[in-house]
Amino acid sequence: MLNSSVLSKTAIDHDSKQLSPTIEIKIECFGAIERLLPSDLSLQTKSGMTISDILDDLICRYPKAESLLDRCACAIGEDIIPRQTLLESDSTVVLLSPVAGG
């Protein structure tokens with residue numbers, strides 16, 4: 001009986017280690033996107049999500065912003081990042097509206 005309870009605890013510990021921790025992603029917007037999304041926007045999500053996953057979630061929540069979110073540049077800090085970037089910890093993602101001109 002003792003062995004089965006130890007095995008069960010080990011299995012539970014092993015399963016809990018496989019779950020991705022929850023992280024907070026703060027969203028800052030500039031340009032036209034700023035008018036379409038809330039100013040204090042943050043999301044709770046699983047670690048390991050990509051920027052693309054975050055943008056897809058934002059499109060589902062704010063469909064009027066889709067055309068701008070599809071074309072925006074994304075940054076963390078001062079670095080422009082690709083949409084395949086994995087988010088492993090709490091982060092602030094900056095969304096920069098597309099610009100036109102010469």
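1. Let's start in the sheet: strand E1 (residues 22-30) runs parallel to E7, and the two are joined over six bridges. One residue pair to look at here is Cys 29, whose bridge partner in E7 is Leu 95. Bear in mind as you read on that this is a predicted model.

2. On to the antiparallel part. Strand E4 (residues 73-76) pairs with strand E7 (residues 91-96) in the antiparallel sense, with three bridges between them. E4 also pairs with strand E5 (residues 79-81), again antiparallel and over three bridges. Ala 75 is a handy marker for both pairings: Val 94 is its bridge partner in E7, and Ile 80 stands opposite Ala 75 in E5.

3. What links E4 to E5? The two strands form a hairpin with two residues between them. If you check the backbone of that turn, look at Gly 77, which has a positive phi of about 65°.

4. Putting the strands together, you get an open sheet of five, in the order E2-E1-E7-E4-E5, with mixed pairing. The edges are taken by strand E2 (42-46) and E5; each has a single partner strand, so one side of each has no neighbour in the sheet. On average, neighbouring strands of this sheet are turned by 35° against each other, direction ignored. As a general reminder, strands of a sheet pair through backbone hydrogen bonds, in either the parallel or the antiparallel sense.

5. Now for the helix. H2 lies across E1, E2, E4, E5 and E7. Relative to E2, H2 runs at about 125°.

6. How many salt bridges does the structure hold? There is one, and Arg 61 and Asp 57 are the residues that form it. Their closest N and O atoms are 2.7 Å apart, against a cut-off of 4 Å for a salt bridge. In general, side chains of opposite charge can pair when their charged atoms come close.

7. Why are these two residues placed to meet? Arg 61 and Asp 57 are four residues apart in helix H2 (residues 51-61), so about one helical turn separates them.

8. Is this salt bridge pair buried or partly exposed? Arg 61 is partly exposed, at a relative accessible area of 47%. Asp 57 is partly exposed as well, with a relative accessible area of 29%. Buried would require a value under 20%, so neither residue counts as buried.

Terms used: Residues are numbered from 1 along each chain as its sequence is written. This is a predicted model: local features need pLDDT of at least 70, side-chain atom pairs count only at pLDDT 80 or more; totals for chains, interfaces and linings use all residues. Side-chain values use heavy atoms; hydrogens and water are left out. A salt bridge is a side-chain nitrogen of Lys or Arg within 4 Å of a carboxyl oxygen of Asp or Glu. Buried means under 20% relative accessible area, exposed over 50%, partly exposed in between (1.4 Å probe, protein chains only). Two strands pair if DSSP finds at least two bridges between them. Axes are lines fitted to C-alpha atoms, for helices over the stretch in contact, and angles run from 0 to 180 degrees between N-to-C directions. Contact means heavy atoms within 4.5 Å.
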